[in-house]
Amino acid sequence: MFEEFKFKGEVSEHKKLRAVFPEGLFQVMKVQGLGTKRTAILFKTLKIDSLEKLANAAHSGDIAKLRGFGDKVQENILANLEFVEKSSQRNLLVKALSYAGDVRRYLSPHPSIQNLETAGSLRRWKETIGDIDFLCTSQNPEKAISHFLTFPDVEKVLAHGPTKASVLLKNGPQCDFRVVEPGQFGAAMVYFTGSKEHNVRLRELALRKGLTLNEYGLFKLTDKNKEKPVAAKTEEDVYRYLGLPWIPPELREDRGEIEMGLKNKLPRLIEEADILGDVHNHTTLSDGKNTAEEMIRAAENLKWDWYFCGDHSPSLAMTHGLAPAALWKKRAHLEDLQSKFKKIKIFLGSEVDILPNGNLDYENAVLEKIDCVVASIHSRFKQTEGEMTARICRAIENPHVDILGHITGRLMNTRPGYNVDFEAILQKAKETQTAIEINGQPDRLELSDTHVKRAVELGVPIVLSTDAHSISHFENMVYALHVARRGWATAKDILNTRSTTEILEWLQS
Ligand code: DGT
Ligand code: CA
Ligand code: CA
Ligand code: ZN
């Protein structure tokens, strides 16, 4: 059962487990150096099911006495507890989406609720979420509010009035709910989608045009009592009256979207339908849970055109990576499998470790024969920023490396990434035309949005990856996609949009 904990990002699984295990156990497991096995031991022997109990046991020295733990592990726990406690105040996007899905399924069928939408950071697909914001219109706001308050997963009502309410969800984040007039819905959506910084800039722009903007509408300054909005019903109306195109929520961060919007130069962001395949994933041959055949079938069901079927390289023992002989056996197996699949083209991929000195885990003669090489770091996270940067730059200088995998090794709310000089790496990637990955695992999501934007500016190729260890992880592509969108990426900036011929050409060039 504890093994199953490992599957992060499986929303349904997560939900089932949430009901069975104390929430605190999930937090304990996230402390770096613990993981599923040690968390299980701590739970069974010392009844540790919360961060508080973990801290007490570590301070009293009980943990060091356990077999297989010792002083060093105990010290590590104490050091890492601080990081986890600090970061657990914001929820991972994936978790917030799961809660928001529950709320939506409960609210949307109700007869007094229309136009139910999420707003706030969730609608902007920010990587972490403070609270969940919902907006709707209604003929009967009080009925809508009282329905919201009777949601079975409400732990505590924080505040409520005739048109708005805030609750704390069981084991979960805060959720805010507002009911607005249908005629004001667009203005309310703009206001409550934010970000605050984007809204400030919109209001400045409004003022310059002799207008004033709030959650009820856009009004002329001469309309002293704000009686007749010039725009309010739809977001498009509000933006249009300000001289702007509708701005995708992912861009609403005051990172230049208003300036570019005024010039009508906003990028046409990449969309889910543009994605034709994945380059980074794993099968049962290394540490995945599904066979190559199962993975490929699931990929074909997603209507992808191509699939680079990957696994780990051997240096990291716990992932059971493939020695060269096993790689060639796998290639033959993939060639056999191809005859079973008519719609998807299968290739040999590999996630190859970058060794501490920047060398790769396979010889060049082996790398050369792999169709797509993703190089990533999985060891010696404690090197200095200078060492890490040099190590990565050296790896991507190797002409057989096509893609740099998870660039910082971070696990959000668990461990910070290793320190790297992003600018130096992006420049090196540009020079060597190595692609940089946006890893879609919900607790990684690296490269982050601002670095994606920089990569786009520099013309560094970007690839979205699922890093799937089971077929259910293919949904990670959606998270990677939205990071790309938050980084202003268009289809042309992202390699996953290339046809089979084009991606092979790119890999060979
Ligand atoms: P979060 O919840 O911390 O992840 O981030 P948001 O962006 O969802 O922030 P939240 O829930 O406090 O508020 C939702 C939106 O409402 C926010 O993005 C912009 C708008 N908003 C809230 N408070 C203010 C404010 O004081 N001024 C302005 N202009 N907008 C606000
Ligand atoms: Ca929020
Ligand atoms: Ca809020
Ligand atoms: Zn991987």
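# Exercises on a predicted protein model

The protein has 21 helices and 16 strands. Here helices (H or I, at least four residues) and strands (E, at least two) are DSSP runs, numbered from the N terminus. This is a predicted model, where local features need pLDDT of at least 70, side-chain atom pairs count only at pLDDT 80 or more, and totals for chains, interfaces and linings use all residues. Residues are numbered from 1 along each chain as its sequence is written, chains are lettered from A and ligands numbered from 1 in the order in which they are written, and side-chain values use heavy atoms, with hydrogens and water left out.

## Exercise 1: the overall build

Task: work out whether the radius of gyration of the protein agrees with that of a compact globule.

Solution.
- Start with the rule: the radius of gyration is taken over C-alpha atoms, and the globule rule is 2.2 Å times the number of residues to the power 0.38.
- Put in 509 residues and you get a value near 23 Å; the protein has 25 Å, which agrees.
- For the outline, the C-alpha atoms fill a box of roughly 75 × 55 × 45 Å along the principal axes.
- Now the inside: 55% of the 509 residues are buried. Buried means under 20% relative accessible area, exposed over 50%, and partly exposed in between (1.4 Å probe, protein chains only).
- Next, contacts, meaning heavy atoms within 4.5 Å. Of those with a separation of 6 or more, 66% join residues 24 or more positions apart.

## Exercise 2: a calcium site

Task: find which residues coordinate the calcium ion (ligand 3), and say which parts of the chain Asp131 and Asp176 tie together.

Solution.
- Know what counts as a donor: N, O and S atoms within 2.8 Å of the metal (3.2 Å for Na, K and Ca); water is not among the atoms, so sites may look incomplete.
- Read off the donors: Asp131 (OD) appears twice, alongside Asp133 (OD) and Asp176 (OD), at 2.3 to 2.6 Å.
- Write the donor spacing in sequence as D-x1-D-x42-D.
- Locate the two residues. Asp131 lies in the loop between strand S3 (128-129) and strand S4 (132-137), and Asp176 in strand S7 (residues 174-180), so the pair ties together parts that are 45 residues apart in sequence.
- Check the cover on Asp176: its relative accessible area is 9%, so Asp176 is buried.
- Look for a second ion: the calcium ion (ligand 2) is 3.7 Å from the calcium ion (ligand 3), and Asp131 coordinates both.

## Exercise 3: hunting for disulfides

Task: count the disulfides, and explain why Cys136 is or isn't in one.

Solution.
- A disulfide is a covalent bond between the sulfur atoms of two cysteines.
- The cut-off used here is a pair of cysteine sulfur atoms within 2.5 Å.
- By that rule, the count is 0.
- Take Cys136: the closest cysteine sulfur, in Cys175, is 11 Å away, too far for a bond. Cys136 is also buried, at 0% relative accessibility.
- Cys309 is in no disulfide either, with the nearest cysteine sulfur, that of Cys372, 12 Å away. Cys309 counts as buried too, at 0% relative accessibility.

## Exercise 4: two helices

Task: test the length of helix H17 (residues 385-397), then work out how far helix H20 (residues 476-486) is enclosed.

Solution.
- The expected span of a helix is 1.5 Å times one less than its number of residues.
- For the 13 residues of H17 that should come to 18 Å, and the end C-alpha atoms are 18 Å apart, which agrees.
- List the buried residues of H17: Met388, Thr389, Arg391, Ile392, Cys393, Ala395 and Ile396. Their cover includes strand S14 (403-404) and helix H18 (422-432).
- On to H20: 10 of its 11 residues are buried, so H20 is largely enclosed by the rest of the structure. Among them are Tyr479, His482 and Arg485.
- Just after H20 comes Trp488, whose phi is positive, near 70°.

## Exercise 5: buried or exposed?

Task: decide whether Phe134, Glu505 and Asn80 are buried or exposed.

Solution.
- Phe134 lies in strand S4 and is buried, with a relative accessible area of 1%. Beyond its neighbours within four places in sequence, Phe134 has contacts including Ala100, Leu116, Cys175 and Asp176.
- Glu505 sits in helix H21 (residues 500-508) and is exposed, at 52%.
- Asn80 belongs to helix H6 (residues 70-87) and counts as buried at 13%. Leaving aside neighbours within four places in sequence, Asn80 touches Val31 and Gln32.
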